[in-house]
Structure formats: structure tokens, C-alpha cells
Amino acid sequence: MRKVLYPGTFDPVTNGHIDIILRAKELFDAVVVTVAINPGKLPLFTVMERVQMLQKSLKGYKNISVDSFDGLVVDHAHEVGAVGIIRGLRAVSDFEYEFQMALMNKKLASDINTVFLMPHEKYTYLNSSIIRNLASLHSDISEFVPPIVVKALKNKFSQKTNH
Ligand code: ADP
């Protein structure tokens, strides 16, 4: 069973992330999607909310699981028995940061390789922060994120405006 780890902030998960997860599933036997507990980033959604949105969006897919981690990605890769790390590349602008991370992770754990996947071109301009901005302005985001995320963002921003 060749497992791969897909780490990210997923604040919130978008159809671009889902596209990458399904591509990873074509290449590996199992995919573990893991939410980074990164308080420094001040996410909009809690770790539990992000995990649950991913779980609900991926319900019905076999051998795709969701968890969260604190600390080094490569340590978590070892913990779950993954042979590699998946990262998505949308544009050249992603490259420099991702390249540095991949090299550092390789240095930290020489048995873990990073695999880069490109999404369908219709998702190349999508990122979680644009989605959060659009949702905060009450724009329709239903073509960019799973239905559960549309609902969660509506709740989040109606709470914020009511308080
Ligand atoms: P991080 O904070 O780790 O960058 P993200 O949740 O923003 O967390 O992204 C996780 C991974 O998914 C990253 O490799 C990122 O480049 C990739 N990614 C994000 N959005 C997309 C998208 N629309 N298409 C393809 N890959 C994406």
C-alpha cells in the first residue's frame, strides 16, 4: 500500500485542492490529507472545522483520509507511513517557496520525496484567501468550493456581521 501525504492549511478546502487529491489518488494507493495546525497563520476556520469540511467533501472516496498535524511535515509522513508528500503547483509564483520546502524536507528526511501536481487549468487562479475575501463580501463562490464550504462560509460571515 503506497501512501502519500498531502499537507496544507486548507482554510478552507477549494475545488483546486480536491482536484489535486483526486490526481494523487490515481498515482498512489492511499492519500492522507493533513491539516496543518499553524496558529501563526491565524486561520479563519479552526483545525476541527477544516478537517470536517475536508471529510465531508471527500465522503465516498475510498482510501482518502483526513487528519491534522503539529510540527514537521516529514515527521508526520513517517508517522502515517507515507512514502512521499504531495504539493500543488499553480503558477511560477508557487515555485520558489515550494522548491525551498521540498529541498529542506528532503534534507530532513531523505526517504520522503515531494511530488508536485498541477491542477486542471480552470483551478490555477484559485486559492483559499481569495475565497475568504469573496465570501466576506457575500459573493457567490459555489463554483469554486464544495457545497459544505459554501455553507460554512455563509455561517462564518453572517455570525461576524451579526456581532
Ligand atoms: P499552504 O499554507 O501549505 O500553502 P494551502 O492550503 O494554501 O496550504 O495549499 C496546500 C497545497 O495545495 C499547496 O501545495 C498549494 O500550492 C496547493 N494548492 C492550493 N490551491 C491550489 C489550487 N487551486 N490548485 C492546485 N494546488 C493548489
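This passage describes the nonpolar cores, the ligand surroundings, the aromatic pairs and several individual residues of a predicted model.

The largest nonpolar core of the predicted structure comprises 34 residues, and those with the most contacts inside it are Tyr-6, Ile-21, Val-33, Leu-54, Leu-58, Ile-86 and Leu-153. Two or more residues are given to this core by each of the strands β1 (3-8), β2 (30-36) and β3 (64-69), and likewise by the helices α1 (15-27), α2 (47-57), α5 (128-136) and α6 (147-162). Of these elements, α6 gives the most, with 5 residues. Apart from this core lies another, of 12 residues, which includes Val-80, Ala-82, Ile-85 and Ala-109.

Tyr-6 is among the residues with the most contacts inside the largest core, and it is also one of the residues closest to the ligand. When neighbours within four places in sequence are left aside, Tyr-6 is in contact with His-17, Ile-20 and Ile-21, with the run Val-31, Val-32, Val-33 and Thr-34, and with Ile-86, Arg-87 and Gly-88. Its relative accessibility is 6%, and Tyr-6 therefore counts as buried, the cut-off being under 20%.

The ligand is surrounded by 16 residues, of which the closest are Tyr-6, Thr-9, Phe-10, Lys-41 and Gly-88. Oxygen atoms of the ligand take part in two of the contacts described here: a polar side-chain atom of Thr-9 lies 2.6 Å from a ligand oxygen, and a polar backbone atom of Gly-88 is 2.8 Å from a ligand oxygen. A nitrogen atom of the ligand, in turn, is 3.1 Å from an N or O atom in the side chain of Arg-90. On its own the ligand has 550 Å² of accessible area, and the protein covers 90% of this.

Three aromatic pairs, given as 3 in the computed tally, are present in the structure. In one of them, Tyr-6 and Phe-10 have ring centres 5.2 Å apart and planes at 75°, so that the pair is edge-to-face. Phe-10, like Tyr-6 one of the residues closest to the ligand, has a relative accessibility of 2% and counts as buried. Phe-95 and Phe-99 form a stacked pair, with 5.0 Å from centre to centre and 20° between the planes. Both of these residues belong to helix α4 (residues 92-108), in which they are 4 residues apart, or about one turn of the helix. Neither ring belongs to a buried residue, because Phe-95, at 42% relative accessibility, counts as partly exposed, and Phe-99, with a relative accessible area of 41%, is partly exposed as well.

Two polar residues within helices have side chains that reach backbone oxygens. Ser-57, which is placed in helix α2, is buried, with a relative accessible area of 17%. The side chain of Ser-57 reaches the backbone oxygen of Met-53 at 2.5 Å, and, with neighbours within four places in sequence left aside, Ser-57 is in contact with Val-13, Ile-18, Pro-146 and Ile-148. Lys-106 is placed in helix α4 and, at 33% relative accessibility, counts as partly exposed. The side chain of Lys-106 reaches the backbone oxygen of Ser-110 at 2.7 Å, while residues touched by Lys-106 beyond four places in sequence are Ile-112 and Asn-113. The C-alpha atom of Lys-106 is separated by 26 Å from that of Val-51, a residue 55 places away along the chain.

Backbone geometry was examined in three loops. A cis peptide bond, with omega of about 5°, joins Asp-11 and Pro-12, and Pro-12 lies in the loop between β1 and α1. Asn-63, although not a glycine, has a positive phi of about 60°; it is placed in the loop between α2 and β3 and, at 41% relative accessibility, counts as partly exposed. A positive phi, near 60°, is likewise found at His-138, a residue other than glycine. His-138 lies in the loop between α5 and α6 and is exposed, with a relative accessible area of 55%.

How values were computed. Residues numbered from 1 in each chain as written. Predicted model: local features only at pLDDT ≥ 70, side-chain atom pairs only at ≥ 80, totals over all residues. Heavy atoms only, no water. Core = buried A, V, L, I, M, F, W, Y, C linked by side-chain atoms within 4.5 Å. Buried < 20%, exposed > 50% of the residue type's maximum accessible area, 1.4 Å probe, protein only. Contact = heavy atoms within 4.5 Å. Near = heavy atom within 4 Å. Polar contact = N/O pair within 3.5 Å; in protein donor to acceptor, adjacent residues only side chain to side chain. Areas by Shrake-Rupley, 256 points an atom, 1.4 Å probe, with all protein chains shown as cover. Phe/Tyr/Trp six-rings, centres within 6.5 Å; stacked < 30°, edge-to-face > 60°.
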